[in-house]
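Got your viewer open and ready? Let's take a walk through this protein, one selection at a time.

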Amino acid sequence: MLTEKDTMQSSDFLPLHGTDFIEIYVGNAKQAAHFYKTAFGFQSLAYAGPETGIKDRVSYVLIQNKMRLMLTTPLHSNSAIAEHHKKHGDGVKVLALMVEDAYDAYEQTTKRGGVSSLEPKTLSDANGEVRMSGIKTYGEVEHWFIERKNYKGVFMPGFVSWESAYNPEPTGLLYVDHCVGNVDWNQMNPWVAFYENVMGFKNILSFDDNDISTEYSALMSKVMSNGNGYVKFPINEPAEGKKKSQVEEYLEFYEGEGVQHIAIATHDIVSTVKQLMARGVEFLKVPNSYYDDLLDRVGPIEEDIEPLKELGILVDRDNEGYLLQLFTKPVEDRPTMFFEIIQRKGAKSFGKGNFKALFEAIEREQANRGNL
Ligand code: FE2
């Protein structure tokens, strides 16, 4: 007899093994790489640039457990990367997904209406081959499909191993839990349809402006997941409120749709957040009163409340368990992309119970910037 999982897998025309890497276009990759090593504990992995025969850019690849981050900077003004950076500032360009067959992923998605951004190609060197392809998603973001089962090298052909004398300790970050996109007014449902029809994802959760609103601002969100749940993309759009919502502020400063936050998993959020804070990562702070009735709201948890309160870590429960989470402030001067640190203890949701406290914290930051 087929189980529900078998049925899902047999109907999954785009099997994904998870996130392969995330590429961020930045103004100065050398300095950004130093920041992600120092502040977040990423390790040096690979490099491409003039020394490796790439003339128009440099890319540094960093790794922490299963998460790979690529930081890319243009070397001249007359390039698509430079145009992208001029318009958006630092921001995510590629959400690359690990696939079994990059040529088939391209065929399956483009025949369902996906727009090509990277024709299938095979890169090879002495360590084997990496096959890749890509399609466009919201804003100027692209999904690349990476097939690396026949590759033994450090990252992919074209990159050399990046040996650095500066190697700060990791902070316990494990892998990408989910990645959230901010889209324009009335664009959430079209992008939900894109993930359903073109990529075979399912809408597993929805939030409307009644769930996610404060006195001032509101947003709507739908969470899209692939068949095995390894890849989850919530999509946000602004909703009418008394004042400007955080999604509107993002759209204004990013000058378009793009990735709002990357959530990274840890097995020990107290330890991870302590280290991140000590290394200068700035987090949103909820008022201490959040913790007064925490246990009444979420029931018994294994952690002591005191360290959670001290660090500002948030807790929420769904019917499968609970989760602990915390959000950084934007990591660039435009109020655009930020990170979430998340530890799941059974819960498969996204912290709906924290939205109000959290958005009020975001609004205090918005007001400080004069954007509320
Ligand atoms: Fe999130």
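**A tour in selections**

Start with the second largest cavity: 15 residues line it, and E249, P330, F338, I362 and R369 are the ones nearest its centre. Select those five and look at the space between them. One thing to keep in mind as you click around: this is a predicted model.

How big is the second largest cavity? Its volume is about 140 Å³. Now colour helices α6 (246-254) and α10, since each of them supplies at least two residues of this lining. α6 gives the most, with 3 residues. Colour the lining by class and you should get 6 nonpolar, 5 polar and 4 charged residues.

**On to the largest cavity**

Cavities of 30 Å³ or more number 4 here, and the largest has a volume of about 220 Å³. To find the largest cavity, select N236, Q260, H261, F355 and F359, which lie nearest its centre among 20 lining residues. Next, show the elements giving two or more residues to that lining: β10, β12 (218-225), β13 (232-239), β14, β17 (338-345) and α10 (355-368). Which one gives the largest share? That's α10, with 4 residues. By class, the lining of the largest cavity has 13 nonpolar, 6 polar and 1 charged residues.

**The iron ion**

Keep H261 selected and add H178 and E340. Together they are the protein donors of the iron ion, through NE2 of H178, NE2 of H261 and an OE atom of E340, at 2.0 to 2.2 Å from the ion. Along the chain, the donors are spaced as H-x82-H-x78-E. The two histidines bring together distant parts of the chain: H178 sits in strand β10 (residues 173-182) and H261 in strand β14 (residues 258-266), 83 residues apart. Are these histidines buried or exposed? Both H178 and H261 are buried.

**Two helices with a buried side**

Select α7, residues 269-278, and highlight I269, V270, T272, V273 and L276, which are buried. Why do they end up on the same side of α7? Because they cover an arc of only 165° around the axis. Now show what these buried residues pack against: α2 (29-40), β10, β14, α9 (305-311), β16 (321-327) and β17. Before you leave, click on G280, just after α7, where phi is positive at about 100°.

Then try α5, residues 188-197, where the buried residues are M188, W191, V192, F194 and Y195. They share the same side of α5 because their arc around the axis is only 155°. The cover over the buried residues of α5 includes β7 (128-136), β8 (142-147), β12 and β13.

**Last stop: the largest pocket**

Finish at the largest pocket, which holds about 650 Å³ of space. Select D177, N228, G229, Y230 and K232 to get to the residues nearest its centre, out of 27 that line it. Add β1 (16-25), β10 and β11 (202-207), the elements that give two or more residues to this lining. What does the lining of the largest pocket look like by class? Colour it and you'll find 9 nonpolar, 10 polar and 8 charged residues.

Note on methods:
Residues numbered from 1 in each chain as written. Predicted model: local features only at pLDDT ≥ 70, side-chain atom pairs only at ≥ 80, totals over all residues. Heavy atoms only, no water. Donors = N, O, S within 2.8 Å, 3.2 Å for Na, K, Ca; no water. Buried < 20%, exposed > 50% of the residue type's maximum accessible area, 1.4 Å probe, protein only. 1 Å grid on protein atoms, 1.4 Å probe; cavity = no way out; pocket = protein on both sides within 12 Å on 5 of 7 lines; lining within 4 Å. Points joined across faces, edges and corners; volume = space filled by probe spheres on them. Nonpolar A, V, L, I, M, F, W, Y, C, P; charged D, E, K, R; others polar. Arc of directions from axis to C-beta. Contact = heavy atoms within 4.5 Å.
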